[in-house]
Amino acid sequence: SALLATAGLMAVVFVNNAYLSWAPKFVARKFDLTVGVAGNGMMLYHHIAAFAAIMLGAFVTDAFVKSRPRFRLGLQMSALLLGAPTLFLIGFSPSVAFAWVAVAAYGVFRGLFEVNSHASLFDVVPSAHRSTAEGMMTMIAFCIGSLSPLMIGALSGRYGIRGFEIGFVVLGVSYVVGAAML
C-alpha cells in the first residue's frame, strides 16, 4: 500500500514538475504573449485554485474519513482521474482564457490529491516507520518527477508547439496511471 501511495504521488510530482517548468513558455509561444504575462496567468490561477481545493479538501476529508476510512484514497483517485482531462485541455486550449480556466481546474484536482498525499501514507504505515516511509516516498516521487521537464523539453525542442501538446497528453496519461496504481 505504501508503494502504491508512492506511485500516486509520483504521478502528481511528475506532472507538476513539467507544468511548473514549461507551462508559461508553452502558453507564451502558443498565444504570442510575454513569458511574464503567460507565467502570471498560468501560476496565479493554478495556485489559487489549488489552495482553495486544499482548504476545502481538508475539511471534507476530516469530516468523512472517520465514518469512511477509504474516503481519503477515493478522493485521491477521483482527483487524478478528473484532473487528467484538464491536462489535455491545457495542451489543446484554443485561447488564453480557456487555458487559464483549464489551469484552474487542474489546480483544483491537484489540491484535492495533495491534501491527502501524506495522510494516506500514514493510514497504511505504522507510526514507528512513518518518517522513513515519508522520506522514501518523497525522494522516489521527486527523483522520478524530475524527469518530466526533460521529456517536455525534448518534445518541444523537436516538435515545437506540437511537442508541448503531446507532452500535456503524456501528463494526462500519467494521472490516469497514478489513479490506477492507487
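**A nonpolar patch and the helices behind it**

Reader: Hi! Which residues make the nonpolar surface patch here?

Author: In this predicted model, Leu4, Phe88, Leu89, Phe92, Phe98, Val169, Val173, Val177 and Met181 make a nonpolar surface patch of about 710 Å².

Reader: Thanks! Which elements give two or more residues to the nonpolar patch?

Author: Those are helix 3, residues 71-91, and helix 7, residues 161-181. Helix 7 provides the largest share, with four residues.

Reader: Let me pick Val173. Where does it lie, and is it buried or exposed?

Author: Val173 lies in helix 7. Its relative accessibility is 47%, so Val173 counts as partly exposed, a class that runs between 20% and 50%.

Reader: Back to those two helices. At what angle do helix 3 and helix 7 pack?

Author: The angle is about 175°, and the axes of helix 3 and helix 7 are 8 Å apart. Because angles over 145 degrees count as roughly antiparallel, that is how helix 3 and helix 7 are described.

Reader: Nice. Which residues make the contact?

Author: On helix 3 they include Met77, Leu80, Ala84 and Phe88. On helix 7, Phe168, Val169, Gly172 and Tyr175 are among them. Phe88 and Val169 also belong to the nonpolar patch.

Reader: New topic: Asn116. Which helix is it in, and is it buried or exposed?

Author: Asn116 lies in helix 4, which covers residues 96-124. Asn116 is buried because its relative accessible area, 1%, is under 20%.

Reader: And what is Asn116 in contact with, leaving aside neighbours within four places in sequence?

Author: With those set aside, Asn116 is in contact with Thr61, Arg72, Leu75 and Gln76.

How values were computed. Residues numbered from 1 in each chain as written. Predicted model: local features only at pLDDT ≥ 70, side-chain atom pairs only at ≥ 80, totals over all residues. Heavy atoms only, no water. Patch = residues over 30% accessible without salt bridge, like charges linked within 9 Å, V, L, I, M, F, W, Y side chains within 5 Å. Areas by Shrake-Rupley, 256 points an atom, 1.4 Å probe, with all protein chains shown as cover. Salt bridge = Lys/Arg side-chain N within 4 Å of Asp/Glu carboxyl O. Buried < 20%, exposed > 50% of the residue type's maximum accessible area, 1.4 Å probe, protein only. Axes fitted to C-alpha atoms, helices over the stretch in contact; angles between N-to-C directions. Parallel < 35°, antiparallel > 145°, perpendicular 65-115°, else oblique. Contact = heavy atoms within 4.5 Å.
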